[in-house]
Amino acid sequence: MESIDNNQGSYYHFSLQNTTLIHEFFTPINQTFPAGFLLNEATDFDGDGNFEIVLSKYDSNNSFGPIEIYEFDGIQFQKRLETSFTAIPRAWGDSDNDGKKELLLGFGRFSFLLEAAQPNEFPTQVVWSDTNDFWAAALSDLDKDGRGEIIGSVEDQYRVFESVADNSFAEKFTFLNSTEGTKRINLSYKII
């Protein structure tokens, strides 16, 4: 077989001889989920090896709604948690290294961190929040010092809040977004 790279006009040759193709088989399950905004990665809040999906369930007007967590039990996904408030899932982790998993959430100008009450439980307690137009987007450890950070934006600035104690964060860095245009920033990806 051969392929043409239209950008360069060059031919690239490749062969499937002496190649073992691995076929992955998937077992379909008969399950539906509510429409919603999905966190971009699977979680395992309770540490049992069964992955969970996190979503903001859309309401009847197709607007964001409560957070729901569904865990796969080997046969089906079971709903394990539903919040009583509207939010958008942004990231998950353990930013303060206390063994209790967290879920970073946002809704408009409000950002907050839910944490599990105990290790291997689902996050249910608000342990940090910012209501000053901070659009939280990611949890990371950018400087690799073992203290997690919450990363987000306010207007045309990126801001980094680093863990300084259990459930306590202090602003450590501010970077100006020097791009042209509307100065709106989309940080909905995971920074690693």
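Start by selecting Phe33, Tyr70, Phe72 and Phe77: these four form one aromatic cluster. Rings of Phe, Tyr and Trp (its six-membered ring) pair if their centres lie within 6.5 Å; planes under 30 degrees apart are called stacked, over 60 edge-to-face, and the rest tilted. By that rule there are 13 aromatic pairs.

Before you click on, note that this is a predicted model, where local features need pLDDT of at least 70, side-chain atom pairs count only at pLDDT 80 or more, and totals for chains, interfaces and linings use all residues. Residues are numbered from 1 along each chain as its sequence is written, and side-chain values use heavy atoms, with hydrogens and water left out.

**Zoom out to the whole chain**

Switch to a cartoon view. You get 0 helices and 14 strands, with helices (H or I, at least four residues) and strands (E, at least two) taken as DSSP runs numbered from the N terminus. Colour by burial next: 35% of the 192 residues are buried, meaning under 20% relative accessible area (exposed is over 50%, partly exposed in between; 1.4 Å probe, protein chains only).

**First sheet**

Now select strands 3 to 6. They make an open sheet of 4 strands in the order 3-4-5-6, with antiparallel pairing; two strands pair if DSSP finds at least two bridges between them. Its edge strands, strand 3 (36-38) and strand 6 (77-86), each pair on one side only. For a close-up, go to strand 3 and strand 4 (residues 52-57), which run antiparallel over 3 bridges. Click glycine 36 and look across to strand 4, where its bridge partner is lysine 57.

**The core**

Show side chains for Phe45, Val54, Ile67, Ile69, Leu103 and Leu105. These have the most contacts inside the largest nonpolar core, which has 13 residues. Such a core is a set of buried Ala, Val, Leu, Ile, Met, Phe, Trp, Tyr and Cys residues joined through side-chain atoms within 4.5 Å. Strand 5 (66-72), strand 8 (102-107) and strand 9 (110-116) each supply at least two of its residues.

What does phenylalanine 45 touch, leaving out residues up to four places away in sequence? Its contacts (heavy atoms within 4.5 Å) include Val54, Ile69, Trp92, Leu103 and Pro123.

A second, separate core has 12 residues, among them Leu113, Val154, Phe161 and Phe169. Keep Phe161 selected.

**An edge-to-face pair**

Add phenylalanine 134. Its ring centre is 5.1 Å from that of phenylalanine 161 and the planes are at 80°, so the pair is edge-to-face. The two residues are 27 apart in the chain: phenylalanine 134 is in the loop between strand 10 (123-130) and strand 11 (135-140), and phenylalanine 161 is in strand 13 (residues 157-165). Buried or exposed? Phenylalanine 134 is buried, at 0% relative accessibility, and phenylalanine 161 is buried too, at 11%.

**Second sheet**

Finish with strands 11 to 14, an open sheet of 4 strands with antiparallel pairing in the order 11-12-13-14. Strand 11 and strand 14 (168-176) are at the edges with a single partner strand each, so one side of each has no neighbour in the sheet. Even so, 5 of the 6 residues of strand 11 are buried, so that strand is largely enclosed by the rest of the structure. Strand 11 runs antiparallel to strand 12 (residues 149-154), joined by 5 bridges. Last click: alanine 138, which stands opposite isoleucine 151 in strand 12.
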